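Reader: I am new to this structure and would be grateful for a close look at a single part of it. Please choose one helix and describe its surroundings in a connected account.

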Amino acid sequence: MPKGKKKTSKNPHQNYRQPKLIKESEPSAQPKPHKRQMKFQRPRGMRDILPEDMTYYDYIYRTTENILRSYDFARMETPIVEDIGLFARAIGESTDIVSKEIFSLKEKGGGKLALRPEFTAGLVRAYIENGMSSRPQPVKLYSLGPLFRAERPQAGRYRQFNQIDFEVFGAEKAAIDAQVIQITWRLFERLGINDTVIQLNSVGCPECRPAYRQQLLDYYRPYANKLCADCKKRLKANPLRVLDCKEEKCQRVAANAPQIFDNLCDDCHTHFKQLLEILDELDIPYMLNGKIVRGLDYYRRTVFEIWPAEDKKSELAQSAFGGGGRYDGLFELLGGQPTPGIGIGLGVERIILEMKERGIEPPARSAPTVFLAQLGEKAKKQSFRIFENLYKAGIDTLESVGRDSLKSQLKQAEKKGVFFTLILGQKESVDDTMIVRDMETGVQEVISQEGLIKYLKERMEIREKEKSKEAKKPVKEKEIEKK
Ligand code: HAM
């Protein structure tokens, strides 16, 4: 070994010094912790999703999947990382996402991977790679999960966020554009956000866009010095992007810029007109907005975003709930056969912020039927077997093996709103019985452990019958009984 060189092991774990975690309340946790008393924090712009927030995610995903499955979409997963070149080619080298926001990783062989900043490019790559063009078309897919963009963190903008993304591959008719918009609209309605607005535009196609691009360049030339630094660059790479810059000075110049609607070729014009006719038929409120151009380069023809209603726009909702559009040329760009495609990505965190702001809570899950409480070592051991038997019999049961105090277990049972609490004390564990407490009436009975499942099933059946009898009673009769 050369002189002066420290001996290091090839095993990376061997050189790793376990940080000593310290408790919040310890005095040494105060301002300057000792080097070895390290305290870790989550990465900047990334969040821990605590159980109380997970209920929003579960509810939003459940609702989305119910709707998407009824429109024949199938869930698909692609890797969280892809070759970095895929995103550069699909989204565009000069876009903010690719030029500033990609998290990249070096591969051992020298290649570069990127944490996916969006779903569409990966799904198109997978469609081509897995020969999905031989399946009956259109292929309707959706993905749910985390994406990564190294943006400046702020409310509703994170470096790891979640999207609901759905795509239709292999369908070119305007009716499909309308269907994607209709599903989006319906999803928000189901979630209780029923005053969203769809902002709609067409960005044309390779036939009509170059002439419009030139018109924009001619228009912007005298104003070039009045634009922000980013827009000066955008003007060279993609002048359409200057239209949707959020800087006030750029918006002032954009106000009188030529409109793309006046420059669409006949095919793009017909496609857009057909889409608007269907949306009118479906009664979906939309606003035409020539400044919606989207921050990704693959779009062609229809583009759209879904926004909170203008008067409901909160400070948090500075950006759209979601956006999408058509990208018919993307498949060839990524080495596939010409295939039309359209889809949308919805930001789950933005939806949750909006739900919270409006006081919309995910519906509470129905309570389990039974709570199994135990006291003493023998009872605790027995309760494992009893829990297993209840589970096998299909009785929804909550166990509490982790708790010792009977009082705290009974409190927990009350809080969870179960129908029955089963109490297995020291005496019961010796004579193979069990106390069954009806949580509504407070009546307790001692039952043999052997007959427990039969007993619970009978009691549940009686309860169900009473419930359906009650539901059938005329409203008047119920009111009299209440009085
Ligand atoms: P996008 O507009 O880049 O489109 O993202 C869609 C939505 O994802 C945004 O409207 C927003 O709600 C959410 N989002 C984006 N960045 C963040 C962030 N840093 N933090 C929180 N939420 C964020 C796309 O991703 C396209 N792939 C959509 C698409 C699908 N187009 C066709 N098919």
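Author: The account below begins with the whole protein, turns to helix α1, and then adds two further places for context. The model is a predicted one. The protein contains 16 helices and 16 strands, and 46% of its 483 residues are buried. Among contacts with a separation of 6 or more, 69% join residues that are 24 or more positions apart. The accessible surface amounts to about 28000 Å², and carbon and sulfur atoms contribute 50% of that area.

Helix α1 covers residues 51-70 and thus has 20 residues. The expected span of a helix is 1.5 Å times one less than its number of residues. For α1 this gives 28 Å, and because the C-alpha atoms at its ends are 29 Å apart, the two values agree. Directly after α1 comes Asp 72, whose phi is positive, near 70°.

Which residues of α1 are buried? They are Asp 53, Tyr 56, Tyr 57, Tyr 59, Ile 60, Tyr 61, Thr 63, Thr 64, Glu 65, Ile 67 and Leu 68. The cover over these buried residues includes three strands, β1 (74-75), β5 (139-148) and β6 (160-169), together with the helices α5 (174-190) and α11 (348-357).

A single residue elsewhere may be set beside the helix. Asn 201 belongs to strand β7, residues 197-202. Asn 201 counts as buried because its relative accessible area is 0%, and the cut-off for buried is under 20%. Its side chain reaches two backbone oxygens: that of Gly 290 at 3.2 Å and that of Ile 292 at 2.8 Å. Beyond its neighbours within four places in sequence, Asn 201 is in contact with residues including Ile 260, Phe 261, Phe 272, Arg 301, Thr 302 and Val 303.

A sheet completes the picture. Five strands make up an open sheet with mixed pairing, in the order β13-β12-β14-β15-β16. Its edge strands, β13 (397-399) and β16 (444-448), each pair on one side only. On average, neighbouring strands of this sheet are turned by 25° against each other, direction ignored. Strand β12, residues 370-374, pairs with β13 in the parallel sense over three bridges, and Leu 372 has Glu 399 in β13 as its bridge partner. Helix α12 (residues 377-392) lies across β12, β13, β14 (420-424) and β15 (433-438), and runs at about 160° to β12.

Notes:
Residues numbered from 1 in each chain as written. Predicted model: local features only at pLDDT ≥ 70, side-chain atom pairs only at ≥ 80, totals over all residues. Heavy atoms only, no water. Helix = DSSP H or I, 4+ residues; strand = E, 2+ residues; numbered from the N terminus. Buried < 20%, exposed > 50% of the residue type's maximum accessible area, 1.4 Å probe, protein only. Contact = heavy atoms within 4.5 Å. Areas by Shrake-Rupley, 256 points an atom, 1.4 Å probe, with all protein chains shown as cover. Pairing = 2+ DSSP bridges. Axes fitted to C-alpha atoms, helices over the stretch in contact; angles between N-to-C directions. Polar contact = N/O pair within 3.5 Å; in protein donor to acceptor, adjacent residues only side chain to side chain.
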